[in-house]
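Trainee: I am new to this structure. Please take me through one part closely, then through whatever else helps me read the model.

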Amino acid sequence: MRHETIETDELSYSPCRYGNSRMLFRGPRKRLDLPYIAFIGGTETYGKFIEKPFPALVEKAMRQTCVNFGCVNGGIDAFVNDPTVMDICAEADLTVVQVMGANFLSNRFYSVHPRRNDRFLRASTVLQAIYQEIDFSEFSFTRHMLGALHATSLERFDTVVLELREAWLARMRNMLDQIGRRTILLWFSEDTMTDENWADRPGQLQVDPLFVTASMIDELRPLVKDVVVVNPTERALSQGSRGMFFPSSQKKAASEMLGVECHVEAGAALIQSIRNQLYSI
């Protein structure tokens with residue numbers, strides 16, 4: 001079952017499509033013939049298990065249509081290769097782009113599913129040559145595969161990380177070039193935006209967005225209007241999954257996500273930035 005179609009009696013995602021895009025987005029479908037703000041991002045932007053994710057909170061506060069292009073487990077590839085989404089974002093008053101992990105994109109070493117970017121498809125001959133002892137047929141998800149590479153050889157893994165970072169920057173520049181400068185980057189994560197070595201941080205491969213550093217974001221600042229950093233407060237994080245809607249089988253997954261109060265804080269930070277960009281003299 002697709003993540004986008006998992007619903008409960010209390011929460012419906014009203015999945016919809018726009019134009020010729022093959023992706024299902026969170027609805028209800030919005031009109032595009034009036035001024036609107038577009039939102040691109042992963043699970044947090046989509047608002048899995050959340051009745052009013054931050055795009056909906058921004059819409060209510062700003063009284064302006066907000067189009068949610070969030071994609072569960074989505075990465076840059078899900079959007080940059082979708083002409084419909086890129087065209088809609090290019091016509092938006094503003095586009096908010098959630099910073100997504102560098103593991104969720106195809107690169108010289110491996111390929112991911114074009115829409116479900118957490119899905120590992122295949123390793124290139126280059127990666128197979130670097131890790132000859134690994135059977136890549138065992139992997140379905142990128143984090144599982146990367147975890148195996150990391151456990152096998154830290155030295156060789158650094159080469160993989162370097163490639164992912166270079167591919168991420170190139171793909172982000174491509175996407176921002178298509179959208180234009182009316183863009184706000186959103187860092188929405190428990191993890192701080194830093195240049196600290198990812199391997200020295202708690203959780204290592206669980207850091208989100210994975211492998212993205214403060215210096216990488218700094219390289220993109222000239223291409224965007226603003227960078228909004230939201231690290232939820234301890235008070236918001238302490239609420240856990242309270243107020244979220246999920247089937248009992250998804251309780252563990254829900255507990256690992258940013259909850260309702262975290263979205264409230266993200267919405268508040270974005271509202272201030274959006275007002276500054278749209279209404280400042």
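**A close look at Ser273**

Mentor: Ser273 is buried, since its relative accessible area is 4%, under the 20% cut-off. Keep in mind that this is a predicted model. Ser273 lies in helix H11, which covers residues 260–279. Set aside the neighbours within four places in sequence, and Ser273 is in contact with Ile184, Asp226 and Val228.

Stay with helix H11, residues 260–279, and turn to the cysteines. Cys262 is buried too, with a relative accessible area of 1%. Cys66 is also buried, at 3%. Now look for bonds between cysteines. A disulfide is a covalent bond between the sulfur atoms of two cysteines. The whole structure has 0 disulfides. Why is Cys66 without one? The closest cysteine sulfur, in Cys89, is 12 Å from the sulfur of Cys66, so it is too far for a bond. The cut-off is 2.5 Å. Cys262 is in no disulfide either: its nearest cysteine sulfur belongs to Cys66 and is 20 Å away.

Next, a helix pair. Helix H6 spans residues 142–152 and helix H7 spans residues 154–179. Their axes come within 6 Å and cross at roughly 140°. That angle makes H6 oblique to H7, because only angles over 145 degrees count as roughly antiparallel. From H6, the contact uses Leu146, Leu149, His150 and Thr152. From H7, it uses Leu154, Arg156, Phe157, Val160 and Leu164. By class, the contact has 6 nonpolar, 2 polar and 1 charged residues.

Note on methods: Residues are numbered from 1 along each chain as its sequence is written. This is a predicted model: local features need pLDDT of at least 70, side-chain atom pairs count only at pLDDT 80 or more; totals for chains, interfaces and linings use all residues. Side-chain values use heavy atoms; hydrogens and water are left out. Helices (H or I, at least four residues) and strands (E, at least two) are DSSP runs, numbered from the N terminus. Buried means under 20% relative accessible area, exposed over 50%, partly exposed in between (1.4 Å probe, protein chains only). Contact means heavy atoms within 4.5 Å. Axes are lines fitted to C-alpha atoms, for helices over the stretch in contact, and angles run from 0 to 180 degrees between N-to-C directions. Angles under 35 degrees count as roughly parallel, over 145 as roughly antiparallel, 65 to 115 as roughly perpendicular and the rest as oblique. Ala, Val, Leu, Ile, Met, Phe, Trp, Tyr, Cys and Pro count as nonpolar, Asp, Glu, Lys and Arg as charged, and the others, Gly among them, as polar.
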